[in-house]
Amino acid sequence: MLSSPKGIAITVFLLAVAVISVLGGALGAAFGGGFLGGAVPHLQVPSELVTYIGDFALYNTVVMFLAAIVVLVLLTWLATRKISEVPGRWQSLMEILYEFFIGLAESTSGKAGRIFIPVATAIFLVVLFSNWLGVLPIVGNIGRVETTTEYFFHKFEGKAESEHAEEVLDGLHHDVGKNGEGMGHYLETHADDESVQKLVGKTLETYGEQDFVIFDGDGIRLLPLGRGNEYKLSLIDVVAYDVADPTHPTADDVVKIAHRVDESVAPDSVPNTEFFTENPDKYTSLVGKRAGILVPYLRGSSTDLNMTLAIAIFAMFSVQFWGIKTLGIGGYWDKFVGNPFKRNPIDLFVGLLELVGEFIKIISFTFRLFGNMFAGEILLISMGFLFPLIGMIPFIGLELFVGFIQAIIFSVLTLMFGAFAIMPHHHPEDDHHGAEGH
C-alpha cells in the first residue's frame, strides 16, 4: 500500500484522522485537547416521549420499531414482487433464509415442525432489523431538547405523588395542565405554601445533580461538539445557583427558582461549578443559551424492555398454542401436572418446575435481548465520547454481529421450545407396564 503515492496519501489521511480523534476526545482533554469532545448523552432505561399524536404518546423506541417494520415490508415486497423460477437477489436471500428455518424445524420435529416456521422467521427478521437500525450513527444524537421547565415539572409531580400531597398535585394539574400557566407561574403563586417548599426541596435534593447540556436555540438539535462533560450544568446550577440551601428553600428561594425554571437558560452569573469557577472566561459563551437534556427522536427498539417483553410474550404464547393444538388441552396439561393424584411425587414436582419454567422463559428471552443491546448502546456512546470520528466504527461492526446472533438465538430457541411443546409426555410407568406385558 505504501509503494504508491495514492496508498501513502490514504495512510497519511487515516493516521491524521486517528490523531485528531484521540486529541479531540476525552483522552485528549487531559492533555489540553478535547476540542471535539461532545457531552455524553443522557442515558436511561425507559424509552422517552417524542410527541403526542392526539392522545397517543409516541416514544422514540416505538419510532424505531415502526421503522424496522417499514424496512422489513419494503424488503419483502422487493423479494416477492417478481417471483420467478430464476430468483433475483432479494428473492434468493429470502428463499435461503426460509429454507434455513425449514431445515431447522424439520430436524427438530419432522414435518410437524413446519407450523413453527412463519413465527420463527418473523421473529428473526423483526429482531434483526430492530437491532441493526439501532446502531445507526444518527440514533441517539438528534432530537428535541427537554428543558429544565419540562424536567422540573415531571420530577416535582412525581415527588408530589410519592408524598401523597393531593392538594399540591390537584393545584399543579389545574394551573399547569388545564390553565397552561407554566411550572414557574405555579411555583411563584404558591411560594408561601410549606408543602410546595418541601416538595421543591425534595426535588432538588433528589435530582439536583442531573446534568443539562447547553444548546444553541430550540427545535431539532444535535449534541454539540466541542463541549464535553465539563461544560454541563446541573439542575441546581441552572435554577438554584445562589440559593443558600436548595434542599430547604424559603418562600423567597422558591420565587427565584420559579423564574429560572421557566427561563431554562444558563444563568448570567457563573454557577458554583468547579470547572467554571476556575475558568470563568469559558462560561461567557454559554450565558443565555438553552439548558436541557436531548430527547432523541430515534432509539434502538431492542433497548426498550417493553419491546423485548412483547416479543417474548408473543413467542411463548405461540409455543403454548402449538402445544395445545397438537396434543389437545388435556394432553398438553398432562405434560406438566395432569391428574396430581395419579402421578408419583417426583414426577409431579418435575412437572410443576416445567410449568414455572414456561414463565421463566419469558423473563430469560426479555432480558437476554435487552441486556445485550442496551450494553451495546452504552459501548458505542462510550467509544464515541473517548474517540470522536473513529471510535464507533469498529464497534458498529461488532454490534451488527451481536444483533444478528441475538436474532438467531431468539428465533432458534422459539423453534426448540415449540418442538418440546408438541412432544407428548412420557410416563415412566408406561415403560414398566410395557415390560410386564412382554
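Buried denotes a relative accessible area under 20%, exposed over 50%, and partly exposed the range in between (1.4 Å probe, protein chains only). The structure shown is a predicted model in which local features need pLDDT of at least 70 and side-chain atom pairs count only at pLDDT 80 or more, whereas totals for chains, interfaces and linings use all residues. Residues are numbered from 1 along each chain as its sequence is written, and side-chain values use heavy atoms, with hydrogens and water left out.

**View 1. Salt bridge between Arg144 and Glu150.** A salt bridge is a side-chain nitrogen of Lys or Arg within 4 Å of a carboxyl oxygen of Asp or Glu. In this pair the closest N and O atoms are 3.0 Å apart. Glu150 is partly exposed because its relative accessibility is 24%, while Arg144, at 17%, is buried. The structure holds eight salt bridges.

**View 2. Salt bridge between Asp216 and Lys289.** The N to O distance is 3.0 Å. The pair links distant parts of the chain, 73 residues apart: Asp216 lies in the loop between strand E4 (211–215) and strand E5 (221–222), and Lys289 in the loop between helix H12 (274–278) and strand E7 (290–296). Helices (H or I, at least four residues) and strands (E, at least two) are DSSP runs numbered from the N terminus. Asp216 is partly exposed, with 41% relative accessibility, and Lys289 is partly exposed at 27%.

**View 3. Salt bridge between Arg260 and Asp242.** The closest N and O atoms of the two side chains are 2.6 Å apart. Arg260 belongs to helix H11 (residues 251–263) and Asp242 to the loop between helix H10 (235–239) and H11, so the salt bridge ties together parts that are 18 residues apart in sequence. Arg260 is buried, at 13% relative accessible area, whereas Asp242 is partly exposed, at 38%. Elsewhere, Glu106, Lys111 and Arg114 are joined into one network by salt bridges that share partners.

**View 4. Nonpolar surface patch with Trp132.** The patch consists of Trp132, Leu398, Leu400, Phe401, Phe404 and Ile405, which together have about 500 Å² of accessible area. Patches are made of residues with over 30% relative accessible area and no salt bridge, with like charges joined within 9 Å and nonpolar side chains (Val, Leu, Ile, Met, Phe, Trp, Tyr) within 5 Å. Accessible areas come from the Shrake-Rupley method with a 1.4 Å probe; for residues, only the protein chains shown count as cover. Helix H15 (residues 393–421) makes the greatest contribution to the patch, five residues. Trp132 is placed in helix H5 (residues 117–133) and is partly exposed, with 32% relative accessibility. Ile393, also a residue of a helix, is found in H15 and is exposed, at 55%.

**View 5. The largest pocket.** This pocket holds about 510 Å³ of space. It is lined by 23 residues, of which Asn141, Leu225, Gly384, Pro388 and Met392 are the closest to its centre. On a 1 Å grid over the protein atoms alone, a pocket is an open set of points with protein on both sides within 12 Å along at least five of seven lines, a cavity is a set where a 1.4 Å probe fits but cannot get out, and lining residues have an atom within 4 Å of a point. Grid points are joined across faces, edges and corners, and a volume is the space filled by probe spheres set on the points. Helix H14 (345–386) supplies the largest share of the lining, three residues. By class, the lining comprises 18 nonpolar, five polar and no charged residues. Ala, Val, Leu, Ile, Met, Phe, Trp, Tyr, Cys and Pro count here as nonpolar, Asp, Glu, Lys and Arg as charged, and the others, Gly among them, as polar.

**View 6. The second largest pocket.** The volume is about 430 Å³. Among the 17 lining residues, Gln44, Glu48, Leu49, Glu146 and His154 are the closest to the centre. Helix H6 (148–162) is among the elements that supply at least two residues, and H6 gives the most, four. The lining has seven nonpolar, five polar and five charged residues.

**View 7. The largest cavity.** About 370 Å³ of space lies within this cavity. Of its 31 lining residues, Gly134, Val139, Gly140, Glu377 and Ile381 are the closest to the centre. H14 contributes the most to the lining, six residues.
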